[in-house]
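I opened this entry to record what I looked up in the model, going from the overall fold to single residues.

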Amino acid sequence: METAQWIQLGTVIVALLALGISLGNTARSRVKQIEDDYVRRYWSILDKMPSDALVNSRPRRTSREARRAARLYLRLCEDEMELRAMGWVGKRTWTEWRSGIRAQLQQWPIDEEWERIRNGDLEARTRDQFKELKKLHSDPCHDPCKHRFIVRKWRGL
């Protein structure tokens, strides 16, 4: 091979490496953006929680608004787990979210609403929902991400 061909080959290799690095950075940036959006949703739902929930005080009767906020939180958790399964939530973030979710499942008013969902006390349409959350409830180490090593590294998972 002549010098010009070696230079061309080297240029192609460098261009492919730069493209790969750029695509990897774009994927990691998108993961971070999605994670940030879900953190904003979390705080928005937390703002809807009754003040008793924020100080871990259980009133005699759970209001309709408290149950609604708890249901919104549980839906958020299920959505986060579905995103993790699709590879759009990083491992470090998932580890933090998982421990937070497990802790919240034991706090009022979320614990009451979660108990109603698990026991099937709610309408029939909720019985087939929250599959990932039910897996996490039974297995504290549950990780919905099923992507292979290469995809995990590529997206920073």
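By a nonpolar core I mean a set of buried Ala, Val, Leu, Ile, Met, Phe, Trp, Tyr and Cys residues joined through side-chain atoms within 4.5 Å. The model I am reading is a predicted one.

**Core.** With that meaning in hand, I looked up the largest nonpolar core and found that it has 28 residues, with Tyr-73, Leu-74, Ile-101, Ile-110, Trp-114 and Leu-133 making the most contacts inside it. I then asked which helices each supply at least two residues of this core, and noted α1, α3 (64-86), α4, α5 (110-118) and α6 (131-138). The largest share, 9 residues, comes from α3. I followed Leu-74 outward and, leaving aside neighbours within four places in sequence, listed its contacts as Leu-105, Ile-110, Glu-113, Trp-114, Ile-117, Phe-130 and Leu-133.

**Fold.** Stepping back to the whole chain, I counted 7 helices and 0 strands, and read along the sequence the pattern is α-α-α-α-α-α-α. Of the 157 residues in the chain, 32% are buried. Taking contacts between residues at least 6 apart in sequence, I noted that 74% of them join residues at least 24 apart.

**α3 against α4.** How do the axes of α3 and α4 cross, and within what distance do they come? They cross at roughly 150° and come within 11 Å, and since angles over 145 degrees count as roughly antiparallel, α3 is therefore roughly antiparallel to α4. The crossing in which α3 passes α4 is left-handed. On the α3 side I listed Tyr-73, Cys-77, Glu-80, Met-81 and Arg-84 as making the contact, and on the α4 side Lys-91, Trp-94, Trp-97, Gly-100, Ile-101 and Gln-104. Sorted by class, the residues of this contact are 6 nonpolar, 2 polar and 3 charged.

**α1 against α4.** I next turned to helix α1 (residues 3-48) and helix α4 (residues 91-104), which pack at an angle of about 20° with their axes 12 Å apart. Angles under 35 degrees count as roughly parallel, so α1 and α4 are roughly parallel to each other. Here too I noted a left-handed crossing, in which α1 passes α4. The contact is made by Glu-35, Tyr-38, Val-39 and Tyr-42 of α1 together with Thr-93, Trp-97 and Gln-104 of α4. These residues divide into 4 nonpolar, 2 polar and 1 charged.

**Loops.** I checked the backbone in the loop between α4 and α5, where Pro-109 has its place, and found that the peptide bond from Trp-108 to Pro-109 is cis, with omega near 5°. In the loop between α5 and α6 I looked up Phe-130, a residue other than glycine whose phi is positive, near 60°. Is Phe-130 buried or exposed? Its relative accessibility is 2%, so Phe-130 counts as buried.

**Lys-48.** My last stop was Lys-48, which lies in helix α1 and, at 42% relative accessibility, counts as partly exposed. Which residues does Lys-48 touch, not counting those up to four places away in sequence? I noted Ala-69 and Leu-72. I also recorded that Lys-48 and Ala-66 are 18 residues apart in sequence and 7.8 Å apart in space, C-alpha to C-alpha.

Terms used:
Residues are numbered from 1 along each chain as its sequence is written. This is a predicted model: local features need pLDDT of at least 70, side-chain atom pairs count only at pLDDT 80 or more; totals for chains, interfaces and linings use all residues. Side-chain values use heavy atoms; hydrogens and water are left out. Axes are lines fitted to C-alpha atoms, for helices over the stretch in contact, and angles run from 0 to 180 degrees between N-to-C directions. Helices (H or I, at least four residues) and strands (E, at least two) are DSSP runs, numbered from the N terminus. Angles under 35 degrees count as roughly parallel, over 145 as roughly antiparallel, 65 to 115 as roughly perpendicular and the rest as oblique. A crossing is left-handed if the near helix is turned anticlockwise from the far one by less than a right angle, and right-handed if clockwise. Contact means heavy atoms within 4.5 Å. Ala, Val, Leu, Ile, Met, Phe, Trp, Tyr, Cys and Pro count as nonpolar, Asp, Glu, Lys and Arg as charged, and the others, Gly among them, as polar. Buried means under 20% relative accessible area, exposed over 50%, partly exposed in between (1.4 Å probe, protein chains only).
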